[in-house]
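User: Could you take a close look at one part of this structure for me? I am new to this, so a friendly walk through a single strand and its neighbours would be great.

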Amino acid sequence: MMKKLVYTFLFLTSLINSYGQTLVDDLTMKSGEVCIALNIAEEKWDEYWEATQLIGNQNIGTFTKQTISPMIGIGITNKINFFAELPNISTFASAGQIRGDNGFQDINVGLKYKVFSLNKRQENFNLFVSSNYTLPVTNYAADYLPFSIGLGAQTLTMRAILMAGAFNEKIFLRGSVGYTHVGTTEIERSYYYADGSYYSTIMDVPSRYVYDVNIGSRLFNKSIHLEAGLNNQTSIGGDDIRRHLAGQPTNKMDMTNLTGRVRIFPLPSSSIILGYTYTFNGRNVGKAVGYNLTFTHQFSTKKSKSII
Amino acid sequence: MKNNLILFFGLLFLVFTSCEEQIEPGVTYEPVTFESLDQNGGTWKPILLTNIEQFSFPEPKNPSSTEFKSEIEEVIKNFNNEPKAINYWGNNPLLKWNEIARELGAKYNLPPAPNDKGIYVLPSPSNPGSYPFFPFAHPPYMSRAFAYLSIAQYDALVVAWHYKYKYNQAALHKLDNRVKTVFEPTDLPSYPSDGAVVAAVSEALLTVFFPLEVEMIKQKSEELKRCLIASGINTKDDIAAGELIGKEVAKIFLQRAASDGMNRAQAPLVVSDSLANLAYNRFGWQWQNLESPKRPVGIAPLFGNVKPWFVANIVSTRPSAPPAIGSAEFNTAANELKNIQANLTKDQRKIANWWSDGPGTYTPPGHWNRRACDQIVKYKYNPLRSARVLAYMNGAVQDAGISCWDTKYYYNYPRPINAIKNFKTILGTPNFPAYTSGHSTFSSAAATVLSSIFPDDTKVFVDWAEEASSSRVYGGIHFRFDCTVGITQGRNVAQHALVVASKDGAK
């Protein structure tokens, strides 16, 4: 069994990113349970915030980012879950002469720990803390914005997640607050300007605060979940994209998104998630609209009867 | 369990965050003990000045006079009172002025954006503060800024050295043993202050090249002059004399700058179009900008007409015509580019990015300026000899730029994205014709001058120039022949500087 798990893990780590976050928050696994997932996502923008100014750029046209990302979640104990994800990303523009990029980005591994749980017949309340760590797995060009597939920096995120349901989860709320410490990234030049001169091949990527709030409903005997949310990322420090220049990893990248998700369970153990993301406010990021499609399958490695 | 887990996360976090190095802005030049003081430096031949005794100039005060003594008291009283600033300027402040110039270059190297109607408005020196700001510090602009700064610093320091050894006023610590020095004391005569010469000449030139930075530049200049006193090197009188030289020399350079043809370099559309038409009639091709909205005029079409420092006839340095579009030689070069972009290695990508020095950076002339400053520190050159390195290198680099721009707009040769269908690149294609490569020409000229001054490091410089040159092929924005011919062109242009340097009396 262990061998099978390792293989599954290895396969799946060939796919994680922000879409994984929502899924990770949603999933809870008992000891011995495993969830495998595959996420396919596309986001597009034709305007971006240069500092706080929303502009278009005819030399980019419409910018597209596609992600395919396998993920695994494992119930280590009833209270501790492990997650891993590795996205493969492609970027390209509809206009201009600059090439896009593609490849595996950062492996993301995390643990989620159930700190507090209160479950009554109709109401429940759960508090988790989670931590996840990301590490670039390929030598992609981080200083190639907006086409870079990632920022090339290690990150460590600490979050607290709160889930509450009422009326047998016909209404539920989920929210989280967190802090992502972002490390430095190595770039392929020895000088850069970021409100001053830096004679270095290392860029400091701003750390950030993140929060989200979601409201949802589980209907038809919990076979359909509907959810809407608001996400925010606010960088601590960082410079702005300068007028008519490309961005760089030192930039302060802030955004606020609206999200919507429908999750259906054709089988009790399998689900399909359709998601939508709309970045309606930001700084040094694209005004992106994104769609994602996720398949999940959950099974137990123990001979127990109950699943989910 | 819970506590262990929290401890685990806490430790992980601590380890992760503490491993990071702090990235500090700026560059630190450690103070050095000068390998020589070049006592005969006052006899060296300046580059632009024809008569180094043309300025009327007071004699130094008598060291036994009360006036002089009160100035010495001031030096003693202010000793090391601004350690941070003193450390910043070090004992060869010319290096810091070059660093300031590079940073201003990076700050102002912003290609103008189109306005709401899709029209590009040009920066205007008469209204520098309205967008697009003046200057747009593109590579030709910066090559000229560095050349003026360095050659003026050099000529002014030759004047300073001349008077230093003419009056031979001893260093302050020799005149009064209570005077302490922050840096290794030298026997360099203190009057006039070479540091103040550099401050005044740099201030005067940089404020003209970067008019929106007048306040910052003035502050830097004032700070340096205070530091020269506080580090035990100069009295107020030394500084006043140095300032006088710096200002007078700067005037002569600014006169040249006002009439060197730069104000006509950014030619209007009619001129730019006629250059393209001429090339089309002569050769059957012409370059055009592919940005959208299209930039109607390339960068500095008439920079090739700007007055060079060392080359008498710039057209004589113009290489022969590039291969015709569609010829066998052209096809070979185009296929090389397609192959490289299809199979780009990480090494090629890194080289393309390493030497890119594109918009928002200090440009290729800035890159070489930085490397030259590193050499100066490595070889412990005194300010005068440092200035000479930069004067000949930056002068040759500007001449190479002038020669290259003359070639670019004479041949008006298309870029790979113009000539190869559906060709995509990892670097943005610059807004001027391809042939010859500016990076190759600038770099080769810089490497040639540096190799002549620091022969032991020739291989390093030549390798850098070759790499900078090839980087444009890897980036997909130049044909191989743009680059190889540019390397030869830069080397040839730099010979003109070396001929002058060989006869200036410095060894």
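Analyst: Here is a close look at one strand of chain A and the strands it pairs with.

Keep in mind that this is a predicted model. Our subject is strand E4 of chain A, which covers residues 63-75. Is E4(A) enclosed or open? Ten of its 13 residues are buried, so the rest of the structure largely encloses this strand.

Now let's meet the partners. Strand E1 of chain A, residues 33-45, pairs with E4(A) in the antiparallel sense, and twelve bridges link the two. To find a spot in this pairing, look for A:Lys65 in E4(A), where A:Glu43 stands opposite.

Another partner is strand E6 of chain A, residues 88-93. E6(A) and E4(A) run antiparallel and are joined by six bridges. You can pick out A:Phe63 here, as its bridge partner in E6(A) is A:Ala93.

Then there is strand E5 of chain A, residues 80-85, which is joined to E4(A) by five bridges and also runs antiparallel to it. Across this pairing, A:Ile74 faces a partner in E5(A): A:Phe82 stands opposite. How many residues lie between E4(A) and E5(A) in their hairpin? There are four residues between them.

While you turn the model, one general idea may help: in a regular strand, side chains alternate between the two faces of the sheet.

To put the picture together, E4(A) is largely enclosed, and it pairs with E1(A), E6(A) and E5(A).

Terms used:
Residues are numbered from 1 along each chain as its sequence is written. Chains are lettered from A and ligands numbered from 1 in the order in which they are written. This is a predicted model: local features need pLDDT of at least 70, side-chain atom pairs count only at pLDDT 80 or more; totals for chains, interfaces and linings use all residues. Side-chain values use heavy atoms; hydrogens and water are left out. Buried means under 20% relative accessible area, exposed over 50%, partly exposed in between (1.4 Å probe, protein chains only). Two strands pair if DSSP finds at least two bridges between them.
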